[in-house]
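Welcome, and please open the structure in your viewer. We will go from stop to stop, selecting a few residues each time.

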Amino acid sequence: MRAGLPIGDLAAGMWAATGVLAAIVQRQNTGKGQRIETSLLGALVGMMCVQGQRYLSRDEVPPRAGNDHPTLYPYGAFRARDGLMIVAVATEAMWRALCRALGLDALLGDARFAGNEERMANRDALRALIEKKLAAKDGAEWAAALVAAGIPAGPIYTMDRALADPQVIQQRMVETIAHPTLGALQLLANPIKLAAFAEQGSVRTPPPLLGEHDDEVLRAAGLSADEIAALRQDGVI
């Protein structure tokens, strides 16, 4: 169940950037600057959203739910013929559409699955019925059919398939830049697409070589050429 990515690190950076922007707007309105602070812990707690409020409002500690949605079903990871896929049934209309798309119309009259509460209580039985149907086709095939029926769905990708997805390509989430020693280098792009930089892309320079910008950074910090030369001679840089 581990996410596989440093979510706290990434989230804290995004919260901090949002805080900087908010402070700039307030400075423009009031003329006063201020200190901005966040933390890895605070960033993650701030992302608890519905689960955190579930505890605060109902004094209910959310149980472990694996890859299933904590309050809706069927909503989570299901096994198709070639692997796992996501099916997200959020409304009763979607539930009816799912049954029709999978050829499970008989379930619409089954008291065990009459409403979301009943489906949550009988999720194991329902999962078995759904996955028996999904086993007939690959996840991408089912996803196309379910999306056409108004149900959010999609295969769970490995990295190679994710970066080859047509939507990822259309959003230009991989960019190629010239590197001085590696040649053409592919990098993940910024997901924020600014119109002013649409032509040149979001990645403007390659990752720096070791020490490439030492002098530039130290000059910006106020050191003179002699001071920088002394640091280099002493092995500090």
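Begin by selecting Gly103: just after helix H4, this glycine takes a positive phi of about 70 degrees. Keep in mind on the way that the model is a predicted one.

**Stop 1: helix H4**

Step back from Gly103 and select helix H4, residues 92-102. Which residues of H4 are buried? Colour Met94, Trp95, Ala97, Leu98, Cys99 and Leu102 to see them. Now show what surrounds these side chains: the buried residues of H4 pack against strand S2, helix H5 (116-121), helix H6 and helix H7.

**Stop 2: H4 against H6**

Add helix H6, residues 123-134, to your selection. Two packed helices are described by the angle between their axes and the distance between the axes. For H4 and H6, the angle is about 45 degrees and the axes are 10 Å apart. That angle makes H4 oblique to H6. To look at the contact itself, show the side chains of Trp95, Leu98 and Leu102 in H4, which meet Leu126, Ile130, Lys133 and Leu134 in H6.

**Stop 3: from Leu98 to H7**

Keep Leu98 selected and add Val147, which is found in helix H7. The C-alpha atoms of Val147 and Leu98 are separated by 10.0 Å, although the two residues are 49 residues apart along the chain. Is Val147 buried, partly exposed or exposed? Its relative accessibility is 48%, so Val147 counts as partly exposed.

**Stop 4: salt bridges**

Side chains of opposite charge can pair when their charged atoms come close. How many salt bridges does the structure hold? There are 11 of them, and we will visit a few.

Stay in H7 for the next one and select Glu141 together with Arg81: their side chains meet in a salt bridge, 3.1 Å from N to O. Glu141 lies in helix H7 (residues 139-148) and Arg81 in the loop between strand S1 and strand S2 (83-88), so this pair ties together parts that are 60 residues apart in sequence. Glu141 is partly exposed, with a relative accessible area of 41%. Arg81 is partly exposed too, with a relative accessible area of 48%.

Next, select Asp68 and Arg123, whose salt bridge has its closest N and O atoms 3.1 Å apart. This pair links distant parts of the chain, 55 residues apart: Asp68 is in the loop between helix H3 (49-58) and strand S1 (75-80), while Arg123 is in helix H6. Asp68 counts as buried because its relative accessibility is 15%, and buried means under 20%. Extend the selection to Arg127 and Glu131, and you have a network: salt bridges that share partners join Asp68, Arg123, Arg127 and Glu131.

For another setting, pick Arg35 and Glu37, whose side chains meet in a salt bridge of 3.5 Å, N to O. Both Arg35 and Glu37 are exposed.

**Stop 5: a nonpolar patch**

Finish on the surface. Select Leu5, Ile7, Leu10, Met14, Trp15, Leu44 and Met47, which together make a nonpolar surface patch of about 680 Å². Which helix gives the most to the nonpolar patch? Helix H1 (residues 7-30) does, with 4 residues. Zoom in on Met14, which lies in H1. With 55% relative accessibility, Met14 counts as exposed.

Key: Residues are numbered from 1 along each chain as its sequence is written. This is a predicted model: local features need pLDDT of at least 70, side-chain atom pairs count only at pLDDT 80 or more; totals for chains, interfaces and linings use all residues. Side-chain values use heavy atoms; hydrogens and water are left out. Patches are made of residues with over 30% relative accessible area and no salt bridge: like charges are joined within 9 Å, nonpolar side chains (Val, Leu, Ile, Met, Phe, Trp, Tyr) within 5 Å. Accessible areas come from the Shrake-Rupley method with a 1.4 Å probe; for residues, only the protein chains shown count as cover. A salt bridge is a side-chain nitrogen of Lys or Arg within 4 Å of a carboxyl oxygen of Asp or Glu. Helices (H or I, at least four residues) and strands (E, at least two) are DSSP runs, numbered from the N terminus. Buried means under 20% relative accessible area, exposed over 50%, partly exposed in between (1.4 Å probe, protein chains only). Axes are lines fitted to C-alpha atoms, for helices over the stretch in contact, and angles run from 0 to 180 degrees between N-to-C directions. Angles under 35 degrees count as roughly parallel, over 145 as roughly antiparallel, 65 to 115 as roughly perpendicular and the rest as oblique. Contact means heavy atoms within 4.5 Å.
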